[in-house]
Amino acid sequence: MKKILALVLTLVFALSCAGLASADFDGEIKIWVAEATVEFTKAQVEAFKAEHPEYANMTVTVEPVGEGDAASNMLTDVEAGADIFGFAQDQLGRLVGAGALVDVLPENAEIVAATNDAGSVSAVKMGDVMYAYPMTSDNGYFLYYDKSVVTDPTSMEAILADCEAAGKSVYMEINSGWYQTAFFFGAGNTLTYSTDDTGAITAMDCNYASENGVKALKSMIKLAQSPAHVNGSSASNATNLGAIVDGTWDAAVVKEMLGENYAATKLPTIDGYQLGGFGGFKMLGVKPQDDEDKLAACDALALYLTSEAVQTARFEAVGWGPSNLNAQQSDAVKADVALSALASQLQYCIGQGQYPGEYWTLATALGDDILADKYDAYTDEQLMEVLTTFQTTAGSYITK
Amino acid sequence: MAKQIPEVDIVVDEKAGVIREVQPEKKLRSKKGHERRVNATIYTILILMSIIWLCPFVFLVLQSFRGESGGQVAYVIPKQWTLDNYRFLFEGAAFSVQLLFKDTLAVVLTVVSNLIGIAGMVAFLRRKPKNPIEKSEGNLKAALLVFAALLLVNFIRCVDSSNCDFVRWFMNTLIIALFCAVIQTFMVLCVSYALSRMRFKGRKLIMNVVLVLGMFPGFLTMIVLYYLLKMLGLTQAGAVPGLILVSCASSGMGYYISKGFFDTIPKSLDESARIDGATRLQVFYSIIMPMAKPIVIYTILMGFMGPWGDYVFASYVAFGHKASYNVAVGLYRWVNTNDYQGYFTRFCAGGVLVAIPITLLFMALQKYYVEGVTGGAVKG
Amino acid sequence: MNDLDFLKLSKPQKFLHNLKKFIVSIPGRLMAAIAGLVMWVVNLFKGIGKGIADLVMTYVRGDWKTKVSYTVMGFGSMARGQWLRGILFFVFQTVFNLYLAFFGINYLSKLSTLGTVETAKKGRVTVYGDNSFLILLYGVLTIFFVAAFLYTWYVNVKQNKISEQILKSGRKLKTAKDDLASMVDTQFHKTLLALPTLGVTLFTILPIIFMILVAFTNYDNQHQPPQKLFTWVGTANFETLLASDSNDLGIDLQDKGNGVTTMTITAKNGDIITVDTTDAEAAAAADALAVDSSANFASEVIGQDENGKDLYRFTFMGDAGEDVVLEASNWIYVATPSFSHTFKQVLLWTLIWAFFATFLNYFLGMLVAIMINKKGIKFKKLWRTILVMTIAIPQFISLLYVSKMFAADGLINGMLMSWGWITEPLPFWTNTTWARVLIIAINVWIGIPYLMLIATGILMNIPADLYESARIDGANAFQTYMKITLPYMLFITGPYLLTSFTGNINNFNVIFLLSGGKPLAMDLAGNAGSTDLLITWLYKMTVTDSNYKLAAVMGILVFVVCAVINLVVYNFIPSVKNEEDFQ
């Protein structure tokens, strides 16, 4: 009896349940963008196909690989990487050096240069060669704060005092080469690299080992020592937010967190000087292709995805600030709290140029040392030594 | 089990320098007091430890029900309770019970595999064993096992996860884990039987080579394995079979524990069977295998549990193709990539869903696990 | 010292004596291991020599079937009626020839240069050239295949010799049926091991040999196929990682005008000295170094200048030229982090970590097992079940969650602050010491249950009469533990401790999921952090920095560390038993 029962059960189940999952179909063009813009990009690709009947039959797959991951994934295996991918500016050097980017079609380069803001245009170039399409001009940082806690957002000292009194935290990422420049550049230092057309670093201009450098370093130490300070720049990981130095991509999170008290402005002053920093960009790149037709399709699609219309639409969909000059003039963009805070900060910033990958590690090491309180008892002279080591090490990345 | 230690009421009288018997009642009272104090201390320690051991998991579960803000918070008890995080995990998942004739090959494979399964079961049921006890018990057990396997296969085929990341990742991991459990066990048993029961030229050499190979750090070869898999078309879209291949190919190297177990089975059993005319193969499956049940279950358990935590190589092979991620890769990205803001509670929910089945399975088979690790530790 | 003397020693003395004996024996053990290896290689070559002689003799003495088999594999077997063997040999030969002709030879021929044709661009379309990676990979694969072929060919010839002998003596050859039958009986081990061996060869041995070879190339992010080529560089990578304060100097002159030159001297370990000096002196120093780049370089304080700054004398001692001496006080000395320094730091922490992760878990685990197993303690199963939760739950969930709990503004800090125990967050992951201690502590959380299970199993096997006699002797719980439990445990689990130690050296998950190697520090090079183990550093080198050449060197060094520890300790363990004893 048991036998028959088991047999019948199996038969019934086997016949009824032979449902099949559909197999994946590999597209001809693969795109990597951040998770938040996957659906948006898919829709835009459809619009592109409608506009360009010659590409109507092309299959495009869009995968969520963020701007932060794209470069290291591309470098693992360029061949298996995306044909078009979004990345943040700091990765450009690595990608060009490893041959993961093809230069922009000269006709397209002209259009890009004419329609986007000057900072973004210089950011996508290595030497004289343009390697990517600017997508946003919002890769900078500024201050979000809780109106009910922070009374005077123009001075870091006041912000720290307010937050400490209210038992809230001030978030600023000290151990990042990106946020660190707020102090160094603000205090009047420079650190820039020059590159040739192939992405190789040819020279460095740096004066961190100076009195201004020591001043900046001391401000960072002071900030790290404050009980209200927490190292971090990810709003959704912040558990006790009073103020945070962060970018536009976190606007929605901060808004949800602070509700009515949501506010944003330029960075404050510290020790009497205005914090500066980088104004950076996000861009779309095309991978080198051995098929001419595919390359043409990629060129057209990448240009389309960074055009005025799409940049405006992207702002409306996910709030990313456009690099396109016309798109920047739209009323909606101008009215955005986060973007206008960024705009008011940008006057104190330099356009982010090209930096070797090792620079970011070195800066993290400096920041980690500050956070570990290693320099708390240092004299000015010892701090100078630290900065000299920093500068010399940074100079050793020149490959020529 | 330890033998009961008899209560001997003897103490040393240091002053007298002799051993003398103590009055039972008096001694018992003081001893009981001492004993009680010791036990109280031990209970305290154990309770404290239990709290430390359980807290993170309790917190994880609580966080997974948090409704307000998906990010991290510095408190434990949610202010709003919700099932949204779980709902999110299953968004877009569907369970289809009708035949979808999209892919002929898949249909053929399903029908064939089911037919083989049914045929195997019928064969089991019709088999005439020598031993009458085996007939009633063994056959039904075997048939139910095959039935359960079929049920699982059909279940996997029925889940339509094309629109739901988490279910997709879960299914990928489940498939990898099932394959690993079966293939790795097969490989391990082959190697350990050969090395334990047979004496042949090169046996010592093989054991030494495996020992030396084991000292190279595994990650070193990641990039080579990636390109080997790529050569076979088993990266990105083919990452699931690729991962199965890589984790099974070298699994024979983990023969040590089960060889140690085989070593403890008396050789005289084999020899008498061989005198009766049994081949090595027959000795293997009809004498050794039935006795090796605990170690087989241990190996299956290890093979099944391994893939659930595999992040590094899995993410390296499947990069840029989220349909091929396993749960570890998918969930790790949710917490450690900036693109996924406010996914922390979802990570917790996913973690709970992954942890529950594994933990239940582990607890159920704990006995075999203990046998395996103890045997392995004793033998080295 | 004889046995009697030894017994007279006090406990610490005994321990010291044993330790001394052990340390003294280390070089001997290493030498023995090396000698063993040498003997093995010598024997291998002897075997090959014998094999070749055998091949020649077989050819000379063999019949025509045998002679044909030298070029057409399996011919002899087929001609003598062993068709199964014959066909297998022949098929293998055919497959090998096809592989070599259409695939292997191409890669094999480029193996010495790793490719010469660069990737170029035709207009904007990329035309890919040679791919060094694939050349190396398929080159090694082809060598494997060739070795397998040569061996099979040898076996094929030997078959003929054996068959001839059997036929001569009037016996019958084995039929295909016999061959098949032996596969499940006398030759069953070959059947069993075939698939695992193939798997291990392709997916473990081949990759390891490939990566060992990569250690001798310049494969890094500047030389990444398919865009760029990489090539052989000898032992340069080993020097980068292991160089002590090498005297090799690089010198760079920059004319500042007015007769002043800024001279930047870079030592191979990365230290940099910048000095302003006269053109003539700088040129002389540069000349001295140009003659002999391994020139000795010395610096000493010889006094103070008018501003009270140390006045240094730098001496360049070229072997071939005159010493060049210059004195200056305007020097700037910068010790940049070097790989060799970082390697030592990381290795040190790796060993410290492995020590604590192994022994702390071991003793605490044992303690917990003893507590749970004590008579009179109830709910034994419950306690065990609670503890083994950390084994059952995948680490990427438990460790990731715990690492977030200890974040600067995470749960633990938040709770401690809300209770008013602390006013400032504790620097769990930012301070090196805190981070290291925390990692070891969390590892205890993960590791105790495992050890508890093992210890429980073993404790139950300790003969009860041992305890009984101890009680009769009046030993207290601690004495019993020291005299009986611990020695017994150590004896039984000696080999386990060893594998566990090397296992912890390679314990990737705990560090990667908890701290990711952070915090970084200015005095560590190559992205290494203060809690990085060699293995996690290696991971960063591969995945984050694409610095494959150094990662390969590092992998070899990890292997060396593990191998040395194993070799040295293995003979020290009492319970390395003859495996036959168990049967």
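How many residues of chain C are in contact with chain B, and how many of chain B with chain C? The model, which is predicted, gives 81 residues of chain C touching 75 residues of chain B. Helix α8(C) supplies the largest share of the chain C side, 16 residues. By class, that side has 55 nonpolar, 19 polar and 7 charged residues.

**Chain A against chain C**

Chain A also touches chain C. This contact takes 36 residues from each of the two chains, A and C. On the chain A side, four helices give two or more residues: α3 (67–76), α11 (292–305), α16 (357–371) and α17 (380–395). Of these, α16(A) gives the largest share, 7 residues. The chain A side divides into 15 nonpolar, 15 polar and 6 charged residues.

**Two packed helices in chain A**

Helix α17(A) appears again inside its own chain. Two packed helices are described by the angle between their axes and the distance between the axes. Here α9(A), residues 211–225, packs on α17(A) at an angle of about 100 degrees. Their axes are 9 Å apart. That makes α9(A) roughly perpendicular to α17(A). From α9(A), the contact uses A:G213, A:V214, A:L217 and A:K218. From α17(A), it uses A:D380, A:L383, A:M384 and A:L387. By class, this helix pair brings together 5 nonpolar, 1 polar and 2 charged residues. There is a general point about such spacing. An α-helix has 3.6 residues a turn, so residues three or four places apart point the same way.

**A kinked helix in chain C**

Now look at α5(C). It has 28 residues, which should span 40 Å at 1.5 Å a residue. The end C-alpha atoms of α5(C) are 39 Å apart, which agrees. Yet α5(C) has a kink of about 60 degrees, centred on C:G104. C:G104 is also buried. The other buried residues of α5(C) are C:R85, C:G86, C:F89, C:Y107 and C:K110. Where do the buried residues of α5(C) pack? They pack against α4 (75–79), α6 (132–168) and α7 (176–183) of chain C.

**Backbone details in the loops**

Some loop residues deserve a closer look. The table lists two with a positive phi.

| Residue | Phi | Loop |
|---|---|---|
| A:D271 | about 50 degrees | between β14 (269–270) and β15 (273–274) of chain A |
| C:L114 | about 60 degrees | between α5 (83–110) and β1 (120–122) of chain C |

Neither A:D271 nor C:L114 is a glycine. Is each one buried or partly exposed? A residue counts as buried if 20 or more other C-beta atoms lie within 10 Å of its own. C:L114 has 24 other C-beta atoms within 10 Å, so C:L114 is buried. A:D271 has 17 within 10 Å, so A:D271 is partly exposed.

Chain C also has cis peptide bonds. One joins C:P225 and C:P226, with omega about 5 degrees. C:P226 sits in the loop between α8 (188–214) and α9 (236–242) of chain C. Another cis bond runs from C:K518 to C:P519, with omega near 0 degrees. C:P519 sits in the loop between α19 (508–514) and α20 (534–544) of chain C.

Notes. Residues are numbered from 1 along each chain as its sequence is written. Chains are lettered from A and ligands numbered from 1 in the order in which they are written. This is a predicted model: local features need pLDDT of at least 70, side-chain atom pairs count only at pLDDT 80 or more; totals for chains, interfaces and linings use all residues. Two residues are in contact if their C-beta atoms, placed from the backbone, lie within 7 Å. Ala, Val, Leu, Ile, Met, Phe, Trp, Tyr, Cys and Pro count as nonpolar, Asp, Glu, Lys and Arg as charged, and the others, Gly among them, as polar. A residue is buried if 20 or more other C-beta atoms lie within 10 Å of its own, exposed if 12 or fewer, and partly exposed in between; C-beta atoms are placed from the backbone. Axes are lines fitted to C-alpha atoms, for helices over the stretch in contact, and angles run from 0 to 180 degrees between N-to-C directions. Angles under 35 degrees count as roughly parallel, over 145 as roughly antiparallel, 65 to 115 as roughly perpendicular and the rest as oblique. The expected span of a helix is 1.5 Å times one less than its number of residues. The bend at a residue is the angle between axes fitted to the seven residues ending there and the seven starting there.
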